[in-house]
Amino acid sequence: MNETQAAPTRAEAAQGITLLQAVNEAIHEEMERDGRVVVLGQDVGKKGGVFKATVGLQDDFGALRVLDTPIAEDVIAGAAIGAAMMGLRPIAEFQFADYIFPGLDQIVSQAATIRWRSVGGFGVPAVFRAPFGAGVRGGVYHSQSVEAYFCHTPGLKVVVPATPRDAKGLLKSAIRDDDPVVFFEHKKSYRRYREVVPPDELIPIGVARLDRPGRDLSIVTYGVGVHHAREAADVLAGEGISVEILDLRTLAPLDKEAIAKTVVNTRKVLVLHEANKTMGIGAEVAAFIAEELFMELDGPIVRVAGDDCHLPYNGPEEEAIIPNPSKVVEAARRLAAF
């Protein structure tokens, strides 16, 4: 996990940048553009972060703008909130999303509520970003999907990009946002996919993206689920089943208009995410569809999600717990048969 962020080969460069490189570029460009942008977190400076998302930033902007902190997530979150209230635009990195919980009180009780409690007198233009997700045999403390905790809190925006282009454009928008944004990057996607990214593109928070059009059923997903859905859609296309993929990109607020559009188009919906199934994002999406679009459906709303248990180090056991393209294919076949 501590591998360096090697320079891309000529062939790789022609294919674009990775999601990890997109995150680094977004932060670098925003720090160049706005002197108020600062970075803080464990090992973000000299080491460049555990995944090298902040590599080179301290060399370019100095130790006062790229600050290595103690191992104290509550301090990282609290310092970011205070700095934001005093006029800076901090990006607080948590080494793994699993470690964000000591800072949870600061984020949900302070950052999310200050604009409300001050009647607009104060805002918290801070980004709380962290790698998350399983599939890398990281065990229980390096594999959790914690996004639902934050989506339950008014006052927070929650963003989960699936592609390098979205990661860069959404992170730039998050840094410029005047309110707190929680930004999760699935670590299995960090170096796996490449994409050509337009320069200085801003992607609006709260707007989903149609990843692939289809006619027979829709897969509503986000993060690494988009890549599982793409692989599943390729298999299903060979069986004559046309799959539409909607990438939510932002989980709070949800783009309900985009969800409604894909439901009306295909009339069959599969909701996919890696986090635990019970009370996950899929439950909220399914509830919205059932309440507002029930008459548009030609089949049950199907959820493919992680099992309600902790994640092991053992690879085959982990694979049995979390979604993968094969599980999506099986569920989609059942749904298509209605």
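In the residue classes used here, Ala, Val, Leu, Ile, Met, Phe, Trp, Tyr, Cys and Pro count as nonpolar, Asp, Glu, Lys and Arg as charged, and the others, Gly among them, as polar. The structure is a predicted model, and these classes help in reading its cavities, its pockets and its helix contacts.

The enclosed spaces make a good place to begin. The count comes to two cavities of 30 Å³ or more. The second largest cavity has a volume of about 40 Å³. Around the second largest cavity lie Gly-49, Val-50, Phe-51, Lys-52 and Ala-53, together with Glu-93, Phe-94, Gln-95, Arg-129, Pro-131 and Tyr-190. Sorted by class, the lining of the second largest cavity holds six nonpolar, two polar and three charged residues.

The largest cavity encloses about 50 Å³ of space. Its lining is made up of Phe-132, Ser-145, Glu-147, His-186, Tyr-222, Gly-223, Val-224, Gly-225, His-273, Glu-274 and Ala-275. Two elements, α9 (224-237) and β13, give two or more residues to the lining of the largest cavity, and β13 gives the most, with three residues. The class division for the largest cavity is four nonpolar, five polar and two charged residues.

Turning to the open spaces, the largest pocket has a volume of about 690 Å³. It is lined by 30 residues, of which Ala-148, Tyr-149, Thr-278, Met-279 and Gly-280 are the closest to its centre. At least two lining residues of the largest pocket come from each of α7 (147-151), β13 (269-276) and α11 (281-292). Among the contributors, α7 gives the most to this lining, namely four residues. In terms of class, 15 residues of the lining of the largest pocket are nonpolar, nine are polar and six are charged. Readers following β13 through the structure will meet this strand twice, since β13 supplies at least two residues to the lining of the largest pocket and three residues to the lining of the largest cavity.

The second largest pocket holds about 150 Å³ of space. Ala-208, Arg-209, Leu-210, Glu-244, Leu-246, Ala-258, Lys-261, Thr-262 and Asn-265 form the lining of the second largest pocket. Here β9 (209-212), β11 (243-247) and α10 (256-266) each supply at least two residues, and the largest share, four residues, belongs to α10. Four residues of the lining of the second largest pocket are nonpolar, two are polar and three are charged.

Two helix pairs complete the packing picture. Helix α2 (residues 19-33) packs against helix α8 (residues 164-176) at an angle of about 30°, and their axes are 8 Å apart. Angles under 35 degrees count as roughly parallel, and α2 and α8 are therefore roughly parallel to each other. The crossing of α2 and α8 is right-handed. On the α2 side, the contact involves Leu-19, Ala-22, Val-23, Glu-25, Ala-26, Ile-27, Glu-29, Glu-30 and Arg-33; on the α8 side, the partners are Pro-164, Ala-167, Lys-168, Leu-171, Lys-172, Ile-175 and Arg-176. The contact of α2 with α8 has nine nonpolar and seven charged residues, with no polar ones.

In the other pair, the axes of helix α4 (residues 73-85) and helix α5 (residues 104-111) come within 7 Å and cross at roughly 25°. With the same cut-off of 35 degrees for roughly parallel helices, α4 and α5 are therefore roughly parallel to each other. Asp-74, Ala-77, Gly-78 and Ile-81 of α4 meet Gln-106, Ile-107, Gln-110 and Ala-111 of α5. By class, the contact of α4 with α5 has four nonpolar, three polar and one charged residues.

Finally, two details of the backbone deserve a look. Most residues other than glycine have a negative phi, and most peptide bonds are trans. Asp-43 is not a glycine, yet its phi is positive, at about 65°; Asp-43 sits in the loop between β2 (37-41) and α3 (57-61). The peptide bond from Ala-252 to Pro-253 is cis, with omega near 5°. Pro-253 is placed in the loop between β12 (250-252) and α10, and α10 is also the helix that gives four residues to the lining of the second largest pocket.

How values were computed:
Residues are numbered from 1 along each chain as its sequence is written. This is a predicted model: local features need pLDDT of at least 70, side-chain atom pairs count only at pLDDT 80 or more; totals for chains, interfaces and linings use all residues. Side-chain values use heavy atoms; hydrogens and water are left out. Axes are lines fitted to C-alpha atoms, for helices over the stretch in contact, and angles run from 0 to 180 degrees between N-to-C directions. Angles under 35 degrees count as roughly parallel, over 145 as roughly antiparallel, 65 to 115 as roughly perpendicular and the rest as oblique. A crossing is left-handed if the near helix is turned anticlockwise from the far one by less than a right angle, and right-handed if clockwise. Contact means heavy atoms within 4.5 Å. On a 1 Å grid over the protein atoms alone, a cavity is a set of points where a 1.4 Å probe fits but cannot get out, and a pocket is an open set with protein on both sides within 12 Å along at least five of seven lines; lining residues have an atom within 4 Å of a point. Grid points are joined across faces, edges and corners, and a volume is the space filled by probe spheres set on the points.
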